[in-house]
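Student: I would like a close look at one part of this model. Please take a single strand, place it in the chain, and go through its surroundings.

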Amino acid sequence: MTTNNSNLSAEDRDKLVANMRKEEQQRQSGYREQALKLFPHVCGRCSRDFEGKKISELTVHHIDHNHDNNPANGANWELLCIYCHDHEHTRGVQESRLESTTDSAPKSAPLSHSPFAALATKIKAK
Ligand SMILES: [Zn+2]
Ligand SMILES: [Zn+2]
C-alpha cells in the first residue's frame, strides 16, 4: 500500500488544503457578519463610513491577532477598512506572517494561541 500511493497523497493533500480554505472562509464570514451586526459600519482608525456598497472594504481585525479567539460579544474584534487593516499588520512584519500561517494550521491546535498572543503583545509593546 505504501509504494504506489505517493501521487494519491498529493491529491489528498490538495483536497485537504482546499477544504481547510473553505472552512476558514466560512469561519471568517461567520464572525464578520457578527461583527457587522455588533459594531457601526465605520473604520475604527480613519472613521470612514462603509455603509452600503462599500461594506466589502470593511474587514474584521482580531485585536490579539488570534483568529480562533472569537468571543460572541466582539471583545476581540475591531472593524477596520482594508487600508487601515493593512497598516495595522505591516507595523510588525511578524504579525502578518503569523496571520497567513493560521490558514494552514490544523484545527486542533489549542496551544498555539498563547504564544501568538504573547508575541503580539511583545511586538505591540515596542
Ligand atoms: Zn480606515
Ligand atoms: Zn487583522
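Tutor: Strand 2 is a suitable part for this. The model is predicted, and strand 2 has the highest mean pLDDT among the elements of the protein chain, 97.

First, the setting. The protein chain contains 4 helices and 2 strands, and from the N terminus on the order is α-β-β-α-α-α. Of its 126 residues, 11% count as buried. Among contacts with a separation of 6 or more, 58% are between residues 24 or more positions apart.

Strand 2 itself is mostly covered, with 4 of its 5 residues buried. Its partner is strand 1: the two run antiparallel and are joined by 5 bridges. Within this pairing, Val-60 stands opposite Leu-79 of strand 2.

Both of these residues, Val-60 and Leu-79, also belong to the largest nonpolar core, which has 8 residues. The other members are Ala-35, Cys-43, Leu-58, Trp-77, Leu-80 and Cys-81. Strand 1 (58–62) and strand 2 (77–81) each contribute at least two residues to this core. Strand 2 provides the largest share, 4 residues.

One of the core residues, Cys-81, deserves a separate look. Apart from neighbours within four places in sequence, Cys-81 is in contact with Cys-43, Cys-46, Arg-48, Phe-50, Glu-57 and Leu-58. Of these, Cys-43 and Leu-58 are core members as well. Cys-46 is found in the loop between helix 1 and strand 1. The C-alpha atoms of Cys-46 and Cys-81 are 8.1 Å apart, although 35 residues separate the two in sequence. Not counting residues up to four places away, Cys-46 touches Cys-84 in addition to Cys-81. Cys-46 counts as exposed because there are 11 other C-beta atoms within 10 Å, and the limit for that class is 12 or fewer.

Two loop residues have backbone angles that should be noted. Ser-47 lies in the loop between helix 1 (6–38) and strand 1. Ser-47 has a positive phi of about 65 degrees although it is not a glycine. Ser-47 has 10 C-beta neighbours inside 10 Å and therefore counts as exposed. The other residue is His-65, in the loop between strand 1 and strand 2. His-65 is likewise not a glycine, and its phi is positive, near 65 degrees. Is His-65 buried or exposed? His-65 has 25 C-beta neighbours inside 10 Å, so it counts as buried; the threshold is 20 or more.

Finally, confidence. The average pLDDT of the protein chain is 80, and 65% of the residues score at least 70. At the other end from strand 2 is helix 3 (residues 93–101), which has the lowest mean pLDDT of the elements, 53. Over residues 108–112 the pLDDT is below 50, and this stretch has 1 contact in the model beyond near neighbours in sequence. Where pLDDT is low, predicted coordinates should not be read in detail.

Conventions
Residues numbered from 1 in each chain as written. Chains lettered and ligands numbered in written order. Predicted model: local features only at pLDDT ≥ 70, side-chain atom pairs only at ≥ 80, totals over all residues. Contact = placed C-beta atoms within 7 Å. Core = buried A, V, L, I, M, F, W, Y, C linked by C-beta atoms within 7 Å. pLDDT = per-residue confidence, 0-100. Pairing = 2+ DSSP bridges.
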